Amino acid sequence: MTAELEIRTANAGDIAVISAIGHESFRKAYEESSQPDDLVAHLESFFSVAAIRGEMQLPGHTYLLALHGGVAAGFVKIRESARPDDIPASRALELQQLYVLPDQQRFGIGGRLIEAAARDAEEKAADGIWLSVWEEAAWAVSCYRKNGFEVVGTTRFQLGTSVYSDLLMWRPV
């Protein structure tokens, strides 16, 4: 990586850029496999400015923003949530969203965001971090494996009328 990478806790001034990153990245991942109306509804529910603003105000929700060369390149959202039975820990935080802009991929940004999320979980006395990822997103599964996650189960992810098979992945801290 030639440009400097900074990862910091996001604040209210970052909401619009997190929204833009989420929209672009999620659309790229699911556009070919989902119904257009379902995709639009999901983007509004999870990546609108209002949705992100609301989540930032919830206790137990943290957004970390990656700046590559001073430009927003990606983010990770970590949250306290109910953990699936397959997660082998009594206290684990969910890495609910991790997105890096397509033109910023292959610089190690995803890995650095994962490491930052793991440090955040450790500081919050969690045993580890878990996530669910679409099993057909080979690029994402590979990134998570490379960064210490292992598959511990499966779950379903519903995007409107489309149902996806997701892998449950776990990483101790």
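Here is a short conversation about helix packing, nonpolar cores and one buried serine in a predicted model.

Tutor: Local features here need pLDDT of at least 70 and side-chain atom pairs pLDDT 80 or more, while totals for chains, interfaces and linings use all residues. Residues are numbered from 1 along each chain as its sequence is written, and side-chain values use heavy atoms, leaving out hydrogens and water.

Student: Are α1 and α2 roughly parallel or roughly antiparallel to each other?

Tutor: The axes of α1 (residues 15-30) and α2 (residues 36-47) come within 10 Å and cross at roughly 150 degrees. Angles under 35 degrees count as roughly parallel, over 145 as roughly antiparallel, 65 to 115 as roughly perpendicular and the rest as oblique. Therefore α1 and α2 are roughly antiparallel.

Student: Which helix gives the most to the largest nonpolar core?

Tutor: A nonpolar core joins buried Ala, Val, Leu, Ile, Met, Phe, Trp, Tyr and Cys residues through side-chain atoms within 4.5 Å. The largest one has 49 residues, and Leu-95 and Tyr-144 have the most contacts inside it. With seven residues, the helix that gives the most to this core is α4 (residues 109-123).

Student: Does Ser-165 count as buried or exposed?

Tutor: Ser-165 lies in strand β7 (residues 162-172). Buried means under 20% relative accessible area, exposed over 50%, and partly exposed in between, with a 1.4 Å probe and protein chains only. Ser-165 has 18% relative accessibility, so Ser-165 counts as buried.

Note on methods: Axes fitted to C-alpha atoms, helices over the stretch in contact; angles between N-to-C directions. Helix = DSSP H or I, 4+ residues; strand = E, 2+ residues; numbered from the N terminus.
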